[in-house]
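This report considers one residue and its surroundings, then the cysteines, and finally the enclosed spaces of the model. The structure is shown below.

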Amino acid sequence: MLSDVTTPQDLDDRFRETLAALATPSQRRDPARPVTDDTTLTGARALDLFDAQAVSRQLDLAGRWLRSFGEGYYTIGSAGHEGNAAVAAALRATDPALLHYRSGAFYCVRAAQAAGWTPTDRPAAADGPVEAAPGDPGDPDGPGDGSAPDAADPQEPTGGAGSAVDRPLRPGYAEAARDVLRGMVASSSEPLAGGRHKVFGRADLAVVPTTSTIASHLPRAVGMGLAVERLRRLETSGRRDGVPASGGGGATHTSWPPDAIVVCSFGDASVNHASATAAFNTAGWYDHTGLRIPVLFVCEDNGLGISVRSPKGWVETTLRSKPGVRYFSADGGDLPQAYEAAAEAAAWVRRHRRPAVLHLSTVRLMGHAGADAETAYRSPGEIAADLARDPLTATARLLVGAGLATGEELLARYDEIGWQVRRIAEEVLDEPKLTAPADVVAPLAPRRPARVSRAVADAAARAGGPGAGARAEAFGGKPPELTGPLTLAQSINAALADGMLDHPQMAVFGEDVGAKGGVYGVTKGLRDRFGVARVFDTLLDETSILGLGLGAGLAGMLPVPEIQYLAYLHNAEDQLRGEAATMQFFSQGAFRNPMVVRVAGLAYQEGFGGHFHNDNSVAVLRDVPGLVIAVPARPDDAAPMLRTCLASAAVDGSVCVFLEPIALYHTRDLYVDGDGEWLSHYAEPGAWTGGHVPIGRARVYGVGSAEDVTIITFGNGVPMSLRAAATLADEGVGTRVVDLRWLSPLPVADIIREAAATGRVLVVDETRRSGGVGEGVIAALVDAGYVGAARRVAGVDSFVPLGPAARQVLVSEEAITQGARTLLAR
Ligand SMILES: Cc1ncc(C[n+]2csc(CCOP(=O)(O)OP(=O)(O)O)c2C)c(N)n1
């Protein structure tokens, strides 16, 4: 029995005592009638929600039971938060949900909904029609909630004598329990993360997994809301059909109906987190501009963040004061009240397509997690007060008081559920775990280079064939291959335009990318060509920019967000490393965030100095598992590399960082003023396939005999090394210059081949000596058994100072030449 499990507050014993003491109702109520006079929630539904709450509670007990003998790895429970069952009941099974780790009862209800249960008792029109938004080409007038009450449900008790409690458990509840238990024991059969994490998530339930980083899912939720609304508009204007074929390829977009709303839940302490304030602000900011974002934020407020109390009244004050976000509230311990408030909030969001927050008061029972001794920071009186508000007991009281069950019947039900949960726990205990590194990393970042190269070839065929007319029009009759040699910036601009033409779901956004066309002009003209829905300026918040990308990618779009300067990516790193890069890993590819994040960065800007516009550190990106990092140095690499990133995002759901060396954006010459050697012609579509640059393949330049020394570099290091090689050639030294092009994954095969060709390697690394790219190159050589000579020239471990002082810490051409000479002198 799970009731044998010792819990901090003897929760199970208290529940039993309370139910045993409940008076038997004098009259039986028809379960088809509302459970109280002031709700539409019927007795039958309330009984079902009691079941979900009981399953959730028993799962918490099971987590502790499994932990007690070392077979469970997760004890954060939902006890006290089970009122969130009512929130699930007020939503549709197809509304995408990103859940708090205490939303166990919500998850159970969602699983039952997906298995065919329609928990809403509200009339079909209660949600109301989706409201016309400004500029909407034609909104559907249909009912907000097409689901009628499931009167024909064979499981529905129809009243009369006998116990309404005595009926089979809803299909879905046992399945949900199995999912959760598998997560707790890290079973490789767990349906979403496959034993990689304990998550609430399943693609068929439209439950998107969240990480343990509190509030980090909120920016994504806002992005999903924006994308859902955008897709709805495309749908209503008849433009969505067939679009995803070459779009982002997110896993679930087709299953989100156009009038879906996004729900995300989180705790009260989480409202203070920068990610949460960013998400609320972004939702409000867009609402202020008239853009619709149908997101329902649900704050499950138990008054505590581990041991720290939310100051009395703070959560309500802050949630009420979010501009553009409508406030709803309810007592999460009062099932009908929570249901009514959640239904009202969900209907409001669905109808108006605008953000709202539901502030659900809850209690936290059994401490923060298994090991938490809350008596160290809470008084006995405080703990007892929470116990008195146990939502499971409250629902039992409600049902008994309404004449729908006796305490004894509910206890029997609770025990029956407990036995089932225990049985499932025993079943999953022995399921296999992940046992090999290859199994662990299999879903991390799938790469199918042949498909990616085929996608590029297909894009070329479309651009040169059926899409040629649209392409000519988009480029104003003069496609970029006919405009003469281009700079790096112009080449990226043209490739972005070609990407927009080929991927109807692609969107370019960021600070200043729209009206201004980017601070360096890289996105110039794109908004005029492709419209404000696809090329738009965001608010000034990198967390939100990436969050929009994450949500849009999940919804099937192909987002290309821009981070204005590399230094400012650090504001928002978690959205890239904690959210984007983990999604396929924690969902075994069921969800993914196809995304190409353009970042302007690296140093050597003449006349525009200072660290923040010349940041040369990429260490924080290089160790993110699965992340693709592209650094194009020259125009005729930039375009094919961007095409590869877009194709890889669409095909494999890759998360790519496209790091553009600012100092090379407008560079024209290589050796002497006016030589135009750093300009390139843009390839016509017919040449894209032949010029395809696969991920992880370097470019090699031979200078002189190319026999004496190998310089391995990237970015600004490429033109500097080529100039150094020219000097060396004058001295009779033959050099091969290897442009890595990809910092992750590193082109290891090319590195080793080119190093072995000369036996003398100079790594020219414009990032910092510590944690810089050069460390990875040298390590790759050592790992491969390279026995030749090697040296490194790298940036000083410093921030980049203003003005000419920058030269003191950056790699110079002179240092490269000297480095090569030293190598040759050995
Ligand atoms: C960004 C981040 N910082 C710290 C933590 C560690 N941590 C886990 S839960 C938690 C408290 C969260 O409190 P609240 O949001 O109120 O949710 P509750 O657990 O009370 O439901 C903290 C600090 C974390 N998971 N993420």
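In this predicted model, Arg-202 touches Tyr-107, Glu-175, Asp-179, Pro-191, Leu-192, Val-207 and Phe-591, leaving aside residues up to four places away in sequence. Arg-202 itself is located in the loop between helix H5 (173-184) and strand E2 (207-208). Is Arg-202 buried or exposed? Its relative accessibility is 8%, and because the limit for a buried residue is under 20%, Arg-202 counts as buried. The side chain of Arg-202 also makes a polar contact, at 2.9 Å, with the side chain of Asp-204.

The cysteines come next. How many disulfides does a search of the whole structure find? The search finds zero. Cys-264 takes part in no disulfide, and the nearest cysteine sulfur, which belongs to Cys-299, lies 10 Å away. Why does Cys-299 form no such bond? The closest cysteine sulfur to that of Cys-299 is in Cys-264, and the 10 Å between them is too far for a bond, since a disulfide requires sulfur atoms within 2.5 Å. Cys-264 is buried, with a relative accessible area of 0%. Cys-299, at 0% relative accessibility, likewise counts as buried.

The last topic is enclosed space. Rolling a probe the size of a water molecule over the atoms reveals where empty space remains. In this model the count comes to eight cavities of 30 Å³ or more. Two of them are set out here.

| Cavity | Volume | Lining by class |
|---|---|---|
| Largest cavity | about 100 Å³ | six nonpolar, four polar and one charged residue |
| Second largest cavity | about 80 Å³ | seven nonpolar, four polar and no charged residues |

Which residues line the largest cavity? The lining consists of Tyr-74, Leu-99, Tyr-101, His-197, Lys-198, Val-199, Phe-200, Pro-209, Thr-210, Thr-211 and Ser-212. Lys-198 is part of this lining, and lysine belongs to the charged class; one charged residue is counted there.

The second largest cavity is bordered by Leu-444, Ala-445, Ala-580, Ala-581, Gln-584, Pro-625, Gly-626, Leu-627, Gly-653, Ser-654 and Val-655. Its lining includes Gly-626 and Gly-653; these fall among the polar residues because glycine is assigned to that class. No charged residue occurs in the lining of the second largest cavity.

Methods:
Residues numbered from 1 in each chain as written. Predicted model: local features only at pLDDT ≥ 70, side-chain atom pairs only at ≥ 80, totals over all residues. Heavy atoms only, no water. Buried < 20%, exposed > 50% of the residue type's maximum accessible area, 1.4 Å probe, protein only. 1 Å grid on protein atoms, 1.4 Å probe; cavity = no way out; pocket = protein on both sides within 12 Å on 5 of 7 lines; lining within 4 Å. Points joined across faces, edges and corners; volume = space filled by probe spheres on them. Helix = DSSP H or I, 4+ residues; strand = E, 2+ residues; numbered from the N terminus. Polar contact = N/O pair within 3.5 Å; in protein donor to acceptor, adjacent residues only side chain to side chain. Contact = heavy atoms within 4.5 Å.
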